[in-house]
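Dear colleague,

Please find the structure below, handed over for your use. My notes on what was found in it follow directly after.

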Amino acid sequence: MSDLRQPSEPQNAPVQDQPPVDGNDSDGEPSPVGRLAATVERLRREVRAAQAEADGRALIELAKGILVERLGCGPAQASKQLAELTAQAGVTPLEFAVEVINQTSRDRMSEVTSAFLAATASVDPPEAQSSAVRLRTAESGVLAADDTQAVADSLLEHALTPLGAEAVAIWALGADGSLALAGSAGFSTAEAGRWRHVPPGVTTVARRGLSERTGEWIRSLSQTGLPSIGQHHLPDGGRVALPAGTGGRIHGVLEIAWSTPLEPPPPAIVRQIEALAELCGHTLETYALEHPDGAPDPRLPPDVSELMDLADGLHDPALVLVPHLGSDGQLVDFRIHHVNSRFLDPAGRPRGAVNGALLLEAYPMAAGHSELFERIERVYATGEPFRAHRMRLTALVDDVTLAAVADINVSRHGGSVLLIWRIEDETARLASLLQHAQRLGRIGGFEENLLTGEITWNGQLYHLYGRPVSEAPVPLEDLPAHAHPDDAVAIGRFLRTVLHQRRPASTAFRLQRPDGVTRHIRVVAEPVLDSAGQLYLLRGAYQDISSHHWTEVALAATRDQLAHSEQQASERDRLTLQLQHAIMPPTRAPLAVPGLDVAVRYRPAETQHLVGGDWYDAVVLPSRLVLLCVGDVAGHGIEAATSMVVLRNALRGLAVTGAGPGQLLSWLNMVAHHLNGAVTATAVCGLYDPENNTLRWARAGHLPPVLVRGSEAAPLPLVTGLLLGAVPEATYEEHEVQLAVDDTLLMYTDGLIERRDRSVEESLTQFLTVARAVPPTLDQQLDRLLTHSKSDTDDDTCIVGIRVA
């Protein structure tokens with residue numbers, strides 16, 4: 001024992017009451033605790049190695065069996081052949097065994113591993129091989145597991161941990177829509193106990209995974225706010241919930257948890273996880289959930305005969321459907337196993353023609369727009385019932401499409417599906433339609449037997465008369481006693497036509513009800529004669545036309561008012577047009593200025609009510625300068641026309657002062673601002689000096705003049721200037737241009753170029769193209785511009801042109 005003692009220490013040395021962290025004594029010798037910890041760690045590694053060897057041994061033995069079947073040899077020869085092939089391939093026996101299994105199998109796992117190998121082998125061959133081994137090892141562990149808990153352990157250890165996952169949960173789906181935690185790994189025992197059962201209707205991550213075939217892929221659990229197992233332990237990690245099923249039926253959900261946010265995985269990883277979900281589906285297919293009373297899980301298929309008995313006890317047509325699987329084990333159709341005695345085929349076929357057939361063979365149109373087959377598939381997969389009101393059912397009989405409307409109810413019972421449809425009765429539907437039509441049209445019907453005196457009214461007619469259904473109906477010949485006295489003549493003519501002349505007739509009258517309300521009613525009646533030609537029955541209807549009557553009265557008053565308004569509007573437009581033509585004639589005599597040709601054009605709006613405020617002016621001032629201007633007042637009608645007159649005359653008067661164009665527009669802005677009605681306008685004002693051929697001009701929110709020189713046409717440089725009337729005071733920049741002989745200057749309003757389908761810049765470019773062609777005279781040029789104008793706004797247009805001679 002001397003070797004276990006501690007060496008003597010100095011008197012002042014601190015007391016060592018804990019063993020060293022590395023498990024050694026102070027002199028470097030292992031302590032008892034250290035040796036025990038090392039032994040435990042060694043045994044743990046040996047156990048893990050043994051487990052890994054056992055998992056791999058199952059795959060190797062499976063590969064040997066495949067070689068025995070393919071080569072027709074014994075086990076010893078197969079083992080020798082496997083070793084030789086492994087050595088030639090330069091891989092481990094386990095990797096080669098997986099390759100043999102993948103090449104031989106035609107299952108989902110083989111497809112996934114082959115696709116993953118093809119996608120990653122060229123980039124990282126070792127990783128590709130190890131991923132394929134992990135998937136097959138996980139599959140081997142799942143198949144060898146005794147319960148779903150062992151399945152969860154195997155999936156996490158072999159397949160999910162290499163993908164960075166922290167935990168996994170396997171949920172079993174109950175017939176009532178509840179979820180039971182069948183197995184989990186990576187979660188604590190206490191956490192798994194809290195999530196042992198999730199009632200139906202509770203929205204969790206696993207529940208969301210059932211809603212789509214592709215499942216639910218969540219980047220971070222905390223961002224969704226959905227509850228789930230381990231939500232406090234792994235709050236910010238990613239989650240994946242995939243439906244786990246086989247043969248078209250969903251048996252549960254595979255939920256995988258990560259500790260960090262989940263980025264979008266590559267397609268190869270997605271296919272791996274989907275294959276693992278299918279593995280869980282095979283396990284859950286045989287999973288038995290024990291209830292407190294000891295009864296087996298109602299998810300397990302019951303005896304089909306019990307469902308047949310249930311269908312036979314229903315008063316509606318019902319079909320019992322059982323799944324029909326293909327050679328690959330996937331659901332392809334449903335077999336109509338039984339139809340009850342109440343069964344009615346939409347195409348009118350007998351029960352024997354439908355019973356025993358495949359659903360899509362008997363009703364191929366079920367896979368069409370109605371989506372009936374897809375609904376049945378969903379019910380079978382999830383167990384959630386489906387109900388629809390007035391679904392359209394279509395049957396194909398002898399290449400003829402027959403349609404019917406029915407209420408649908410689809411529910412799953414064990415491994416079968418019950419389909420109930422209640423085809424709408426056409427007679428009852430038409431009767432209901434007639435009742436609603438009578439109610440909406442406020443129509444009441446009657447029938448009167450003149451031989452027995454029996455009178456039949458419908459409920460709407462009692463409502464029209466304002467009488468309770470307990471009172472006796474009113475005979476047709478007593479109609480005058482319930483009508484306004486002024487209508488006696490019309491009612492008498494109506495009764496003579498029906499009762500004595502025996503011809504159908506109608507009339508309108510005012511019905512005076514017992515409650516004092518007067519309604520405008522139209523009555524229609526026809527006589528019915530017997531085989532001897534005698535009148536024995538009257539049939540007819542009353543319709544409440546009160547709203548129609550008062551509408552006619554209102555329309556008559558409205559028509560009178562509109563006629564008066566139209567007359568006033570027409571007179572107003574006529575006066576506006578006369579005012580505009582008096583001030584702005586479409587053509588005028590040319591202005592006589594030495595060395596200068598001046599021409600103007602005015603084209604009024606084609607529609608009279610759109611008479612606008614466009615104006616122009618060209619006048620020789622006392623200073624011998626020529627005033628040239630165009631403008632456009634906002635709006636249409638008499639207000640725009642009168643505002644135009646004010647601004648045009650004001651500018652003429654202001655120009656006599658000798659001020660420049662910028663100052664003139666500044667004064668004109670004050671005039672516009674103080675006019676009643678908040679008038680706004682745009683304008684271009686220019687003063688031309690004939691002695692030196694110069695033009696000084698300014699603009700107020702208007703398009704600049706266009707200068708045509710030779711074969712080129714371009715707008716003058718854009719100077720600043722706010723539109724008239726916007727603010728009380730404004731200043732306007734002036735610009736001077738030197739004109740040469742044969743130069744043409746054009747001022748115009750936007751009615752010449754504006755279009756609804758293009759910008760002003762595009763319209764101006766088109767205008768410049770037309771302006772480049774210079775006819776012999778200025779008048780011809782202005783006429784040509786009006787003729788080739790592309791404007792479609794039906795607005796006024798003014799053009800002022802000068803040409804230096």
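I begin with D757, which counts as exposed because its relative accessibility is 52%, over the 50% cut-off. The side chain of D757 meets that of R758 in a salt bridge, with 3.9 Å from N to O. R758 counts as partly exposed, because its relative accessibility of 34% falls between the 20% and 50% limits. Please bear in mind throughout that this is a predicted model.

Elsewhere, salt bridges with shared partners join R601, D779 and D783 into one network. A search of the whole structure finds 19 salt bridges, and two further pairs are described here.

One of these is formed by R239 and E255, whose side chains meet at 2.7 Å, N to O. This pair links distant parts of the chain: R239 belongs to strand 5 (residues 239-246) and E255 to strand 6 (residues 249-258), and the two are 16 residues apart. Are these partners buried or exposed? R239 counts as buried because its relative accessibility is 0%, which is under the 20% cut-off. E255, at 1% relative accessibility, likewise counts as buried.

The other pair is R648 and D617, where the salt bridge spans 3.7 Å from N to O. R648 lies in helix 18 (residues 638-655) and D617 in strand 18 (residues 612-620), so this salt bridge ties together parts that are 31 residues apart in sequence. Both R648 and D617 are buried.

I turn now to helix 20. This helix covers residues 760-771, 12 residues in number. From its first C-alpha to its last, helix 20 reaches 16 Å, close to the 16 Å expected at 1.5 Å a residue.

Which residues of helix 20 are buried? They are S763, L764, F767, L768, V770 and A771. Why can these residues be said to line one face of the helix? Seen down the axis of helix 20, the buried residues fall within an arc of 160°, and they therefore line one face. Their packing partners are as follows:

- strand 22 (706-709)
- strand 23 (712-715)
- strand 25 (744-748)
- helix 21 (778-787)

In summary, the buried residues of helix 20 line one face and pack against three strands and a helix, namely strands 22, 23 and 25 and helix 21. Among the salt bridges, R239 with E255 and R648 with D617 link parts of the chain that are apart in sequence.

Yours sincerely

Terms used
Residues are numbered from 1 along each chain as its sequence is written. This is a predicted model: local features need pLDDT of at least 70, side-chain atom pairs count only at pLDDT 80 or more; totals for chains, interfaces and linings use all residues. Side-chain values use heavy atoms; hydrogens and water are left out. A salt bridge is a side-chain nitrogen of Lys or Arg within 4 Å of a carboxyl oxygen of Asp or Glu. Helices (H or I, at least four residues) and strands (E, at least two) are DSSP runs, numbered from the N terminus. Buried means under 20% relative accessible area, exposed over 50%, partly exposed in between (1.4 Å probe, protein chains only). The expected span of a helix is 1.5 Å times one less than its number of residues. The arc is that of the directions from the helix axis to the C-beta atoms. Contact means heavy atoms within 4.5 Å.
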